[in-house]
Every structure is written in structure tokens, then in C-alpha cells.
Amino acid sequence: MKLILPDRSERVIAGENVPLDTILRNEGINPLEVIVSRNGTLIPEDTVVGGDDVIRLIRIAHGG
Amino acid sequence: MGTDSSVCGQPRCSFCAEPAVFINRRTDLHFCRSHFLAEIRQRVADTIATRNLIVPGDIVAVGLSGGKDSTALLMLLVSLLPAWENVRIVAVTVDEGIHGYREETVRSADLLARTLGVEHRHVTFPDLFGDSLDGILAGREPQACTICGILRKKALAGAARDAGATKLATGHNLDDEAQSVLMNVLRGDLPRLVRDSSADSSGRFIPRIKPLMAVSEKEIAAYLLLRDAWADLPECPYARHALRREVRSMLSSLEYRYPGTMLRLMESKGKIEKACPGAVAAEPLRSCRECGDPCSGELCQFCQLKRTLGRKLSGNLT
């Protein structure tokens, strides 16, 4: 699956049926500080992802 | 209640069969798009109703920076407006003059106010104080948030007064409020911990209200994304200097490991207020001896800042 990080860099990661929460923690990201979409749709962090999924992480900027 | 476990690995809404887009980790409830949007709207309506934040006849000035919190605040207040009798909303944008940051959010604020059909007023630091925040701060960047906070407060209050507002609404969310509680505890500042800025001001200043105080930062981001109003705006370049940034990171980590931490912190504040009535002597409201603004000491924060900066903050504020 493809992971698009908050800095817009992209990475292909291996894994099937992996909880999104686990991926975020492996990346050192607190799930509360990002919102995540899969193939363009917002998903909760306990979603299981894998295969051809495109996972995009958006950092929540403070303030405003 | 939806009982099937998931759709393509995506949990279902706890209230219908639709795929969930959000989980409330404290309650373990999942929300689909429509139930999530309804939940946030209802929570804000409940906050306003239970605390009597907006009453018939109010003119509510909304501090609209164009960032995510104030954007969500204005959208939610406008959506709730038909339920209130004779209430009017005016958006107020303060352009501090932060190069490479504020230009983009001001454009976003302009577009939003125009789209929602809300009256929109602008004030700028150069017009009010004679210089941009960048110019005022030169060499004082570590104090950026303190200085900006005092000037923004003055600018917003003046603009709200000029608009005839009876309430000043800001986009402070649950994360902001929990951070403030912890920061006041860390500083040992009990008076500030129990201060209520929405309390009756007897007409001396416009009460400030925080309708998003029960909505988390992540919920606000999700709300905007689901309403196609998310803009990937930059973070204020001065934010890296703030103590708040460290407290934010620590609290966010605790909230993740122990869901409900921020809400419990806010509940603790409420319990302290109730359990210790009179423990903190209410300071009488006085008038600043230089500008006449209401304050608790001889000088208001703005006039103290003028002295600290060792320069005249000029402009049409007296």
C-alpha cells in the first residue's frame, strides 16, 4: 500500500490487514495529531488497511 | 445500532450501517459522516445552551482568523443561527502582519465570510499599533505568543465594540482549554485557572465565549474535511517558541494513551471552581490609568506591554 506522509513524501509499505493505528505508531505519529484518508475517504484509526490502499496522513496544524 | 463489524476493514457507524469516518476513543463510539456532523453541531448547541453563551438579541462578533478553529466556529454558528431569536453574527479578522502565514488565512477568511453571507470586518496591527507583528517582535521572538496575545485581544475587543457586539466568540477548542488549565497549574496561577471570561461584565467589556470548548482539535479537523472546508494552511511560524507547544505535545500523548484525559482536566477545573468558592479573592474591576480600559491592576496588559517594549505602539487605540 502507498503511504503519503504529512510532508507529502510518498512511501510504499508492505503489509496486509494492518490496523492503521499500528502503522501510525510505527511511523512515530500520534494518531490524535493527524487525520487520515484512504483512497480519498476519511477513516478512523482502528480501520484495517492493506492491498492497494492509498493512505494519506494530514497533520493538524495548531491554531486558528 | 450497526452490528456488522466492518466494511473493507472500516468499522461501521455505531448508530447506522454506514462506514465510520471517526472514532471517539473515550466512548468507543464510531460515527459515519452524517452522524458525526450532527454530533458536533449538537455538542456546540448544548455548550451554548447550558452555559447561556448566546441569548436573544445578541450581536455575536466571531474572531475569524481563517484557520481551522475559527472557520469551523463560524460555520457552526451560522448553521445554528435559525434556532436563535434575533441574533446577528459579525465576523472580525485581525491581520497581525505575519509574513508568509497570515496572507493565506486572511484570504481563506474572506472567502468563507462571503460564502456564508456574513458581515466581515478587518483590522490590522499596522493600522492599530503602527507596525506589523513581525516588526514589533524583532529580537523578541521567544515572547511572540504573549505579545501577540495581548495585541490580538485589544484589537479584537476594539473591533467587536465598533461592530456593536454583545458577545465575542473565539475558536478555542477542548485541546486549547485543557492546555490552558495545565499551563496555569504549572505556573501556579490559581486566579487565572478559575477566571471566567464569559461572566457578566456589567457592561465594562464584551464577554468572550468559546462555543467549541467541548470539541477536540481532531474533531474540528475532521468536521472541516467532511464539509469540504479543509484547507491545508501553514502553522504560525512563531508557534515553535511557545511553552504551549510542549504542553500540547505532552497532553496529546496522554490523551492518546488515556482517552478522556483532556475532558477530565476540564472537569477538574470545574470542580475546583465549585469546591473552593471565594478561595481566590475576586479582584475589583478597575480602569487602566493610561487608557481607561477595564483591568485588574493600575495598568492594563496593553499599556504594560507598551512600557516593556520601550516604544510607543501608535495607532487609533487609546
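1. Two residues are taken to be in contact if their C-beta atoms, placed from the backbone, lie within 7 Å. By that criterion, among the contacts in chain B with a separation of 6 or more, 69% are between residues 24 or more positions apart. The structure under discussion is a predicted model.

2. The overall build of chain B may be stated first. Chain B holds 12 helices and 11 strands. Its radius of gyration is 20 Å, close to the 20 Å that the globule rule gives for 318 residues, so chain B is as compact as a globular protein of that length. The C-alpha trace of chain B spans about 65 × 45 × 45 Å along its principal axes, and 37% of the 318 residues of chain B count as buried.

3. In chain A, an open sheet of five strands deserves attention. The strand order is E2-E1-E7-E4-E5, with mixed pairing. Strand E2 (10-12) and strand E5 of chain A stand at the edges, and each has a single partner strand, so one side of each is left without a neighbour in the sheet.

4. Within this sheet, strand E1 (residues 2-4) and strand E7 (residues 54-59) of chain A run parallel and are joined by three bridges. Leu3(A) stands opposite Ile55(A) in E7(A). As general background, strands of a sheet pair through backbone hydrogen bonds, either parallel or antiparallel.

5. The two chains touch one another: 20 residues of chain A are in contact with 32 residues of chain B. On the chain A side, the residues that touch chain B comprise 11 nonpolar, six polar and three charged residues.

6. Helix H9 of chain B (residues 217-226) merits a separate point. This helix is mostly covered, with eight of its 10 residues buried. The buried residues of H9(B) include the charged residues Glu217(B), Lys218(B) and Glu219(B); Ile220(B), Ala221(B), Ala222(B), Tyr223(B) and Leu226(B) are also buried.

7. Which elements cover the buried residues of H9(B)? From chain A, the cover includes strand E4 (34-38) and strand E5 (41-42). From chain B, it includes strand E3 (22-24), helix H1 (33-50), helix H2 (68-80) and helix H7 (174-187).

8. The placement of H9(B) links the preceding points. H9(B) lies across E4 and E5 of chain A and runs at about 35° to E4(A). E5(A) is also one of the edge strands of the five-stranded sheet. Just after H9(B), Asp228(B) takes a positive phi of about 55°.

Definitions and conventions
Residues are numbered from 1 along each chain as its sequence is written. Chains are lettered from A and ligands numbered from 1 in the order in which they are written. This is a predicted model: local features need pLDDT of at least 70, side-chain atom pairs count only at pLDDT 80 or more; totals for chains, interfaces and linings use all residues. Helices (H or I, at least four residues) and strands (E, at least two) are DSSP runs, numbered from the N terminus. The radius of gyration is taken over C-alpha atoms; the globule rule is 2.2 Å times the number of residues to the power 0.38. A residue is buried if 20 or more other C-beta atoms lie within 10 Å of its own, exposed if 12 or fewer, and partly exposed in between; C-beta atoms are placed from the backbone. Two strands pair if DSSP finds at least two bridges between them. Axes are lines fitted to C-alpha atoms, for helices over the stretch in contact, and angles run from 0 to 180 degrees between N-to-C directions.
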